[in-house]
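Colleague: Could you take me through this model before I start looking at it myself? I'd like to go topic by topic.

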Amino acid sequence: MGETTVRIQDDLYEAVNGEWIKNAVIPDDRPVTGGFNTLDEEVEKIMMADFKAFAEGTKTTDIPEMKYAISLYKKGIDEKRRNSEGIEPVLPLLNKIKNLKTVEDLNEVATELLVDDLPLPIKMCVDTDMADATKNSFIVLGPDIILPDTTYYADDNESGKQLLEVYKDMASKILKFSPLTEDEQKKFLEDTIAYDALIAKKVKSQLEWAEYYKNQNPMDTDEVAKFVAPFDIKKVLKDLYGDKAPSVLIVYDPKAIKEMNGYFNNENFELYTHWLYVKTLVKATACLSLELKTLGTTFRRALLGVDSDPVIEKEAYRVAETLYADPVGIYYGRTYFGEEAKKDVVDMVKRIIETYKVRMKKNSFLAEVTKEKAIKKLSTLEIKMGYPDSIKEIWSKLVFDESDSYYDAVYKVSAIKNKDQLDKLYKPVDRTEWAMPGHMVNACYNPTCNDLTFPAAILQKPFYSLSQSDSENLGGIGAIIGHEISHAFDNNGAKFDEKGNLSNWWLDEDFKAFEKLTKDMVEQFDGMEYHGGKVSGELTVSENIADNGGVGVTLEIMHNTENADFQEYFKNWARVWCMKAKEEFIQYLLANDVHSPMGLRANIPPRNFAEWYEAFGVTDKDQMYIAPEKRISIW
Ligand SMILES: [Zn+2]
C-alpha cells in the first residue's frame, strides 16, 4: 500500500484503505469487493477449483454427502442439456398453476405448493418458538414483495419506480418463452404488478422486521383461519400434521394476516394465480437454459449494480454450496482450517467473555440483581468454532435421480429440506445445528440458542492469523467476537434470557436506562450523510450497539496485552471494514441493511473511546473528534 494524503486523525477508514480502494477493481459478477468480500472471493475460488476437480474425477473426498453436491454441480454446468430443454422442465408446474380456477382448487394443492416453496397467499414455516426456545412453532407471515422493501412503493420513490420497470421488462421477456398467448402474457404481468402493490400495503417494512422480538405473536389457529379465509390454512395443517395440527400459530406480521382480505379474496383470485404464475416462472429461470437464466438475473443486477452474471461454473457451485451447506462447510473446514487456529480463537472468545463479565460487574447503570442475570447469560454462551464435528442425517437424504433435469434436481432437494423443516414442529429444537456453514465469511449470534458461530472461513487475514500481532487480531476477529457477544445485549437480544427465551429479566429502571443509551446510539448515527443518502439510526441501532460493545471490550483486553500497539489495533479495525462497491449496491444497503455503511462502522465507534484519542493524538481540531460528553459506551 502506498502513501495517502488523508490524515488518520481525520478519516481512519480512508487513511487505512484509501489507496487500496483507489486501485481495487470490483469483479464484473459482484457488486462489491474488499474486506469480507475479498475473503469470500478467495474462498469461492479455492472451492470452485475443488468442485471442478471432483467433477472431473481428479480429486475425491471422504465425505459421502458431497457426492450429491458434486452431482448437482455437474448438472448445473451441463449447458448443452440445459439449453436443449429450455423452459420445458417448468412447464408441468406452470400448467398446473394455470388450471387453478377457484380458491378450492388452490386449497387442494396448497400443501404441495408449500413444500415446493412456491408463493402461497401467506408464507408458512416452522422455527424455534421465541417464548420457549426448546420447542418449535408453526409460523405464518405475509408474502414477499418484488422490491426490497415497502418504502420503495412510496409515490415519491423514484428508484422504486425504475426498478419495477426493470422487473416488468424482464418478466415480459421471460414470459415470451411460456405457452401463454401474447394477450395472456400482458394480462398476467399487469396482474402480477397489481397484486404485488396490494401486498406491499400490508406487509412489514425492513425497519419493522429489524425489531425481531416483536415477531412473537401467538394467535389461535381458528382466529388465523378466519383472517386468511378463503385460503384454507386448517387443511394445510391437517395435511402436514393430521390430528396433531397445532391450535396456536405464531403470527410474525399481524397486519398482513389480519388484513389479508385486502390482497387475497374470492374476487381477486385470478390476480393471485397470475402473480403465482409469473413469480414461479421468474424464480425457475435460475435452473433453466442459459438464455433464461441470464434474463432472470436482470432485476437483481439492476438492483445491486452488477455488470454481468457469474460464469456458469460459479453459479452451479453457489447453488450446490447453498443447498448442501453443511457437507460443503465441513469439507472446507477439514481441508483448510487448522486445529491450532481453532484452539487459539476459542481461547480468545473465552477471554473476551470473561472480560465482558468484568465490565458487566463495573457497569454503572445496572442494579446488582440485573448484573448477575447478565453475567449468567454470558456464562451460558455456547461457542461454535470453525465447522460442525459431524454431519446431520438430513444431508444424506437430499437425493435426486440421475436422469433428472437440473431444475427437477434442485427443486427436489429444496422440497426435501422444506419438508424436513416442517416436520420439526413436534421435535425439540436441536441446539447442535449450525446457523452458518464453515465456508461462509461471516459470524453470528443466535438469541434463541444464546450461542455464537464463527465459521472457519472468517478466521483468516485480515481478521485473524497466527502470524498477525495480538493487537491486530484483537482489532480484527477480536472486535468481531465482541460484536457478536454484544448482540446478546443489543435492543433485540436484551429481551431474551440465558436459555434463549423471550422474557423480561430486567428491573424496570435498568431497562429504562438501557433504552436511554439505545436512543443515544440511534442519534449518534441517524441522518449521517453517506453517498448522497442518509443513515437510518433506527434501522442500524442493534448493529451499532454491537460494534460499540466489540470495540469497548477488546480495548479493555488491549490494556492487559503484552506489547499492545493501539495504532495497530485501530488500523486493523478499519481494515476489516474495507469496501469498494457499486453505487447501486451502496444505495441498496443504505435503504435495507441493518448494518451502517462500512466507512462509518470503521470511523464512528473508535471516537467513543479514550484509547482512540491517545493512540493518534486526536484533538478537537481533527475530524475524528467528538466531545467527551457525546461519547457513548454501553457495554
Ligand atoms: Zn451484527
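Modeller: We can go through the metal site, the core, the cysteines and one helix in turn, keeping in mind that this is a predicted model.

Colleague: Metal first, then. Which residues are the protein donors of the zinc ion?

Modeller: The zinc ion is held by His483 and His487, each through NE2, and by Glu543 through OE, with these donors lying 2.0 to 2.1 Å from the ion. Along the chain the donors follow the spacing H-x3-H-x55-E. His487 sits in the loop between helix 21 (470-486) and helix 22 (508-525), while Glu543 belongs to helix 23 (residues 541-558), so this pair ties together parts that are 56 residues apart in sequence.

Colleague: And is His487 buried or exposed?

Modeller: His487 counts as buried because its relative accessibility is 9%, and Glu543, at 8%, counts as buried too.

Colleague: Moving on to the core: how many residues are in the largest nonpolar one?

Modeller: The largest nonpolar core has 202 residues, and those with the most contacts inside it are Phe51, Phe138, Phe231, Ile233 and Trp635. Helix 13 (residues 269-284) gives the most to this core, contributing ten residues. At least three residues of the core come from each of domain 1 (2-45 + 324-392 + 430-630) and domain 2 (120-310).

Colleague: What does Ile233 touch, leaving out residues up to four places away in sequence?

Modeller: Ile233 is in contact with Ile122, Met124, Val140, Val224, Ala225, Val228 and Leu249. Apart from the largest core lies another, of seven residues, including Met130, Ile139, Tyr252 and Phe496.

Colleague: Switching to cysteines, how many disulfides are there?

Modeller: A search of the whole structure finds zero disulfides. The sulfur of Cys125 has its closest cysteine sulfur in Cys449, which at 16 Å is too far for a bond, and Cys125 itself is partly exposed, with a relative accessible area of 29%. Cys449 is in no disulfide either, as its nearest cysteine sulfur, that of Cys444, is 9.7 Å away; Cys449 is buried, its relative accessible area being 10%.

Colleague: Last one: what span should helix 20 have, and how far apart are its end C-alpha atoms?

Modeller: Helix 20 (residues 406-422) has 17 residues, so at 1.5 Å a residue it should span 24 Å, and its end C-alpha atoms are 24 Å apart, which agrees. Among the buried residues of helix 20 are Tyr406, Tyr407, Tyr411, Val413 and Asp420.

Terms used: Residues are numbered from 1 along each chain as its sequence is written. This is a predicted model: local features need pLDDT of at least 70, side-chain atom pairs count only at pLDDT 80 or more; totals for chains, interfaces and linings use all residues. Side-chain values use heavy atoms; hydrogens and water are left out. Helices (H or I, at least four residues) and strands (E, at least two) are DSSP runs, numbered from the N terminus. The expected span of a helix is 1.5 Å times one less than its number of residues. Buried means under 20% relative accessible area, exposed over 50%, partly exposed in between (1.4 Å probe, protein chains only). Donors are N, O and S atoms within 2.8 Å of the metal (3.2 Å for Na, K and Ca); water is not among the atoms, so sites may look incomplete. A nonpolar core is a set of buried Ala, Val, Leu, Ile, Met, Phe, Trp, Tyr and Cys residues joined through side-chain atoms within 4.5 Å. Domain bounds come from an automatic or database domain assignment. Contact means heavy atoms within 4.5 Å. A disulfide is a pair of cysteine sulfur atoms within 2.5 Å.
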